[in-house]
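Subject: A structure for you to look at

Hi,

Here is the structure I said I'd pass on. Have a look around it yourself, then read my notes below.

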Amino acid sequence: HPPSWSLLVRAPASAARKDVEAAITSLDHKPHSTHVGDITYTASNDEVYAVVRSRLEEIGPLLRLNGPYEQGIWTKAFATFTNELDTNAAAELLNYAQLPPLGTGRIHAHVQHAGTIAKPISLYNALKPQVDAEVNRWKD
């Protein structure tokens, strides 16, 4: 499957979806889907970030909030709570939520699990070959 991507085009108000699709002649450049209409919001990333941070802090104490990071048409941020209950509550409350600066746009939230292990260096050195083998297996 070709990767999904979006394209924002400024076109006359009279332009229809078929007009935009007809203007893209190369099959390699055809988007996954085409939508014509008003932009869902005009707020800056900083405005949206401030509202998201406020909502997250209402749920529970944040260990950290990284972002915003722009990736194509998406802007992403990563929040770490001090406990798993708050993490799950935030994902449930914010997933597909409409926030004031987003107009009809929606935010997508999900839980991403991660872990770290703090062990003495001698134990790390003894287990490093096994850990590296598992990492390589996961990558495949």
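Below is what turned up, going from the overall layout to single residues.

One thing to keep in mind: this is a predicted model. The protein has four helices and two strands, and along the sequence they come in the order α-α-β-β-α-α. Out of 140 residues, 17% are buried. The accessible surface is about 11500 Å², with carbon and sulfur atoms making up 54% of that. If you take contacts between residues at least 6 apart in sequence, 39% of them link residues at least 24 apart.

Now for the inside. In soluble globular proteins, nonpolar side chains tend to be buried together. Here, the largest nonpolar core has 15 residues, and V52, L56, L94, L99 and I107 touch the most other members. Helix α2 (45-59), strand β1 (62-71) and helix α3 (84-94) each give two or more residues to this core, and the largest share, four residues, is from α2. Try clicking on L94: leaving out residues up to four places away in sequence, L94 touches R55, L56, L99, I107 and A109.

There's a curious one in helix α3 too, namely D86. Which side chain of opposite charge is nearest to D86? That would be R53, 14 Å away, and D86 has no salt bridge even though it is buried. Apart from neighbours within four places in sequence, D86 is in contact with I59, G60, P61 and F81.

What about charges that do pair up? Side chains of opposite charge can pair when their charged atoms come close. The count here is five salt bridges, and these three are among them:

- R53 and E57 meet at 3.0 Å (N to O). They sit four residues apart in helix α2, about one turn. Both are partly exposed, R53 at 32% relative accessible area and E57 at 42%.
- K128 and D132 meet at 2.7 Å (N to O). They are also four residues apart, about one turn, but in helix α4. K128 is partly exposed at 31%, and so is D132 at 33%.
- K18 and D19 meet at 3.7 Å (N to O). K18 is exposed at 59% relative accessibility, while D19 is partly exposed at 38%.

Last stop, the surface: L123, L127 and V131 make a nonpolar patch there, with about 220 Å² of accessible area together. L127 belongs to helix α4 (residues 121-139) and is partly exposed, at 37% relative accessible area.

Have fun with it!

Key:
Residues are numbered from 1 along each chain as its sequence is written. This is a predicted model: local features need pLDDT of at least 70, side-chain atom pairs count only at pLDDT 80 or more; totals for chains, interfaces and linings use all residues. Side-chain values use heavy atoms; hydrogens and water are left out. A nonpolar core is a set of buried Ala, Val, Leu, Ile, Met, Phe, Trp, Tyr and Cys residues joined through side-chain atoms within 4.5 Å. Buried means under 20% relative accessible area, exposed over 50%, partly exposed in between (1.4 Å probe, protein chains only). Contact means heavy atoms within 4.5 Å. Accessible areas come from the Shrake-Rupley method with a 1.4 Å probe; for residues, only the protein chains shown count as cover. Lys and Arg count as positive and Asp and Glu as negative; His and the chain ends are not counted. A salt bridge is a side-chain nitrogen of Lys or Arg within 4 Å of a carboxyl oxygen of Asp or Glu. Patches are made of residues with over 30% relative accessible area and no salt bridge: like charges are joined within 9 Å, nonpolar side chains (Val, Leu, Ile, Met, Phe, Trp, Tyr) within 5 Å.
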